[in-house]
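Biologist: I would like to learn how to read a protein model feature by feature. Could we begin with what the word "buried" stands for?

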Amino acid sequence: MNITIVGRKCTPRQSFKDRAEQKLKKVERFFGENAEAKITATVEKSAKIVEITLNKGGMIFRAQERSADLEDALDACVDSLIRQIRKNKTKLERRLRDANIDDFISEADEAEDDFEIVRKKAVLLKPESVEEAILQMNMLGHQFYLFNNSEDDTVSVVYRRKDGGYGLLSPEKD
């Protein structure tokens, strides 16, 4: 597994890097050696945050945990990833083992049976700035808000992050 470790507002120690590699060996058995893992360690005033993003063949697993200690956050993050993988184990194994289109189609048919849509809602997409969309989201009390971005004329989503900030999702152009 190709592991990249990045520090934000800190420089991770060698002991942290060694522990991260050791912990990710538990996950490597699911993905194999050609998977990529990016570990981001962030130090804030009140907490240490570890984020792990795993990528293999277009499948992405992501976990983020915070704690008073980087090693504790790393342990919790790896445990969270393992829970995600176990939850989706059969689908994941099929995808990793068989990469032809027939399997993806049959898997998509099975996935429709697994998930039940309990509510559908149509939304009017009016051109708004990002600031207007955040204001509208806050007024509605939602965690995310879909809108037509007036700055670049794309359908975008603003969302509230766990750390209290806001995020913006916009389509990537080829």
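Modeller: A residue is called buried when its relative accessible area is under 20%, exposed when that value is over 50%, and partly exposed in between. Please keep in mind that this is a predicted model. In the protein chain, which has 174 residues, 30% count as buried, and both Tyr145 and Phe147 belong to the buried residues.

Biologist: How many aromatic pairs does the count come to, and how are the rings of Tyr145 and Phe147 placed?

Modeller: In general, a pair of aromatic rings is described by the distance of the centres and the angle of the planes. Here the count comes to one aromatic pair. The ring centres of Tyr145 and Phe147 are 6.4 Å apart and their planes stand at 15 degrees, so the pair is stacked, given that planes under 30 degrees apart count as stacked.

Biologist: Which strand holds Leu146, and is Leu146 buried or partly exposed?

Modeller: Leu146 lies in strand β6, which covers residues 144–149, and because its relative accessibility is 32%, Leu146 counts as partly exposed. Leu146 also joins Val123, Leu125 and Val155 in a nonpolar patch on the surface, and together these residues have about 290 Å² of accessible area.

Biologist: How do I read the overall order of helices and strands?

Modeller: One walks along the sequence and writes down each element in turn, which for the protein chain gives β-α-β-β-β-α-α-α-β-α-β-β-β, with five helices and eight strands.

Biologist: What span should helix α1 have, and how far apart are its end C-alpha atoms?

Modeller: Helix α1 runs over residues 14–31, and at 1.5 Å a residue its 18 residues should span 26 Å, while the end C-alpha atoms are 25 Å apart, which agrees. The helix α1 nevertheless has a bend of about 40 degrees at Lys25, and just after α1 comes Gly32, with a positive phi of about 90 degrees.

Biologist: Which residues of α1 are buried?

Modeller: Among them are the aromatic residues Phe16, Phe30 and Phe31, and Ala20, Lys23, Leu24 and Val27 are buried as well.

Biologist: Finally, how far is Asn2 from Ala37 in sequence and in space?

Modeller: Distance along the chain and distance in space are two separate readings. Asn2 and Ala37 are 35 residues apart in sequence, and their C-alpha atoms are 6.1 Å apart in space. Asn2 is found in strand β1, residues 2–8, and because its relative accessible area is 44%, Asn2 is partly exposed.

Terms used:
Residues are numbered from 1 along each chain as its sequence is written. This is a predicted model: local features need pLDDT of at least 70, side-chain atom pairs count only at pLDDT 80 or more; totals for chains, interfaces and linings use all residues. Side-chain values use heavy atoms; hydrogens and water are left out. Helices (H or I, at least four residues) and strands (E, at least two) are DSSP runs, numbered from the N terminus. The expected span of a helix is 1.5 Å times one less than its number of residues. The bend at a residue is the angle between axes fitted to the seven residues ending there and the seven starting there. Buried means under 20% relative accessible area, exposed over 50%, partly exposed in between (1.4 Å probe, protein chains only). Rings of Phe, Tyr and Trp (its six-membered ring) pair if their centres lie within 6.5 Å; planes under 30 degrees apart count as stacked, over 60 as edge-to-face and the rest as tilted. Patches are made of residues with over 30% relative accessible area and no salt bridge: like charges are joined within 9 Å, nonpolar side chains (Val, Leu, Ile, Met, Phe, Trp, Tyr) within 5 Å. Accessible areas come from the Shrake-Rupley method with a 1.4 Å probe; for residues, only the protein chains shown count as cover. A salt bridge is a side-chain nitrogen of Lys or Arg within 4 Å of a carboxyl oxygen of Asp or Glu.
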